[in-house]
Amino acid sequence: MKLSKAEVEHIAKLARLNLTDQDANLYSQQLSDILDYVEKLQTINTDGVEETSQVTGLVNVMRDDEIQESGISNELVGSAPENSNGYVKVPKIL
Amino acid sequence: MDLNKLTALETFEGLRDKKFSSEEITKKYLEQIKSFDSKVGAFITLNETEALSQAKLVDAKIKHNESLSPLAGIPVAIKDLFCTKGIKSTGASKILENYVPPYDASVVKTIRESKGVIIGKTNLDEFAMGGSGENSGFFPTHNPWDISRVPGGSSSGSAAAVAADMCAYSLGTDTGGSIRQPASFCNATGLKPTYGRVSRYGVMAMTSSLDTIGPITKNVEDAAFILQQIAGRDEKDSTTPAEKVDDYLQEIKKDIKGLRIGLPKEYFIEGVDEEVRNIILSAAKKFEEMGAEVIDVSLPHTDLAVAAYYIICPSEVSSNMARYDGIRYGLSKRDSRELLDLYLDTKTSGFGAEVKRRIMIGTYALSSGYYDAYYKKAMQVRTLVKQDFDKTFEDIDVILTPVSPTPAWKLGENTNNPLKDYLADIFTIPASLAGICGLSLPAGFAGGLPVGIQLLGKRFDEKTILRAGYQYQQVTSWHNKKPDIK
């Protein structure tokens with residue numbers, strides 16, 4: 001599986017990463033090697049095999065939808081690089 | 001008596017019997033760190049002031065014969081992936097270089113409420129991605145046994161700090177081997193508990209379907225001691241079931257006569273260092289001498305585990321790393337007023353090479369049209385790997401394997417070959433995919449470098465692997481060997 005430099009640049013864009021030309025070349029090689037290796041997975045027939053995503057068998061764990069005060073909401077909002085009056089500030093989107 | 005060489009349990013007993021004070025112990029560890037950490041690089045942040053005042057507080061309570069938790073006054077080092085209120089918690093990433101969380105991870109809260117002494121935060125591969133400690137966003141950790149070599153990873157600093165007697169015990173995380181492998185490389189004991197056994201609330205997520213938390217200690221008895229304090233249900237982490245927490249310290253004292261130990265042939269393949277192989281086989285012999293039965297077993301899908309892991313892990317990484325977007329906390333590059341540029345500039349300058357690599361693999365594997373071929377397939381193979389273990393455990397109590405095919409390698413050896421780095425986890429990854437528990441403990445030396453054995457057990461059956469490990473350490477002394485740091 002060979003990932004071209006253009007494909008790597010496309011993936012980086014989806015992942016919100018900027019790549020230099022040099023990065024793109026290096027990643028194109030390294031990611032291709034990794035994908036070649038994982039091709040191994042195709043050597044086994046998994047028809048009808050269930051997927052495992054929760055290994056101990058727990059299913060949805062529910063609790064009552066009740067408000068609990070964290071007591072640290074000011075500190076949490078205060079961690080934001082820009083904030084004012086208890087709100088997180090973001091750049092204009094539209 | 002070198003106070004910093006004591007185990008956690010010996011420290012507890014000494015404090016209880018007023019043989020020494022927590023302040024003395026804490027000072028001794030701080031002294032050790034100051035003498036040797038410039039060479040080892042185990043710590044990102046030292047917590048000297050708080051540690052000393054906590055120690056004094058404990059000493060005052062002991063003096064007044066107040067009842068205390070067994071963890072009180074014992075110096076612990078914590079992987080910098082855990083949130084510690086008021087103490088910088090970086091994940092060894094530049095993206096969180098100055099992040100001070102406003103709350104404690106549940107396990108940290110337990111330690112603080114028990115009056116444990118948090119001596120510092122340890123180095124790691126950035127956000128726990130890596131198996132050498134070299135992927136730290138700040139500086140690599142060196143192996144105390146040979147500082148030209150890696151300590152293993154990702155809990156690099158936690159393992160090195162225990163080996164170098166810079167703390168009584170430490171906490172790490174293990175997703176694909178990140179406690180077991182560095183413990184093995186540094187001659188420490190490392191326990192990866194069953195998935196869900198210990199709460200992960202407040203620990204930075206890497207691969208949510210695999211991440212676990214456990215202790216790195218000076219011997220197996222300490223691992224049993226610490227697990228007992230931190231295991232159990234936490235309503236803040238809904239992956240922790242209300243499964244009974246055993247009395248591990250009592251369980252390990254039982255003998256292992258008749259214990260059925262499986263030796264899987266897939267773990268003795270070409271590429272395993274000859275000396276490593278011999279060390280594992282002599283350990284098997286030792287177990288036989290102690291009355292256990294060693295039986296050949298087969299885990300046929302072992303060979304596919306690494307490939308499945310390197311789809312599952314990056315896929316979940318690409319999702320988990322999305323939160324570091326420069327909006328709510330951490331690094332934020334706001335030179336441009338465009339939102340897209342903020343994301344791009346923050347992530348590009350904040351993340352290191354390995355994190356970016358995994359984000360891209362994951363983004364690719366999850367992108368439109370590829371899901372079935374990669375992620376779904378990997379999750380199916382995960383089922384097969386899990387079934388291998390479940391079937392074997394129907395008539396086997398413990399599986400014995402190497403932790404790693406080789407001892408610690410030289411720093412820089414695998415830097416440009418990420419795939420080679422990934423393959424180093426070949427013997428630790430399968431147990432992670434199956435969600436079972438694993439213990440790594442010292443069993444010998446190859447060319448002067450520590451080599452560990454791995455004991456794997458059923459889900460929530462930590463008591464049996466701890467018992468086997470504890471009994472092994474009653475008749476061997478590898479775990480007592482200390483490095484001469486130079």
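This passage walks through a central sheet, a nonpolar core and the form of a smaller set of elements in chain A. The model is predicted, with local features needing pLDDT of at least 70, side-chain atom pairs counting only at pLDDT 80 or more, and totals for chains, interfaces and linings using all residues. Residues are numbered from 1 along each chain as its sequence is written, while chains are lettered from A and ligands numbered from 1 in the order in which they are written.

In chain B, eleven strands (DSSP runs of E, at least two residues, numbered from the N terminus) make an open sheet of mixed pairing, ordered β1-β3-β2-β4-β6-β5-β10-β11-β9-β7-β8. Strands count as paired if DSSP finds at least two bridges between them. At the edges stand β1 (43–46) and β8 (293–297) of chain B, each with a single partner strand, so one side of each is left without a neighbour in the sheet. Within the sheet, β2 (residues 75–79) and β4 (residues 169–174) of chain B pair in the parallel sense over three bridges, and B:Ala77 stands opposite B:Ser170 in β4(B).

The largest nonpolar core has 164 residues, and B:Val76, B:Cys167 and B:Ala308 have the most contacts inside it. Such a core is a set of buried Ala, Val, Leu, Ile, Met, Phe, Trp, Tyr and Cys residues joined through C-beta atoms within 7 Å; buried means that 20 or more other C-beta atoms lie within 10 Å of a residue's own, with C-beta atoms placed from the backbone.

Turning to chain A, buried residues make up 15% of its 94 residues. The elements of chain A run α-α-α-β-β from the N terminus on, helices being DSSP runs of H or I, at least four residues.

Conventions
Buried ≥ 20, exposed ≤ 12 C-beta atoms within 10 Å, placed from the backbone.
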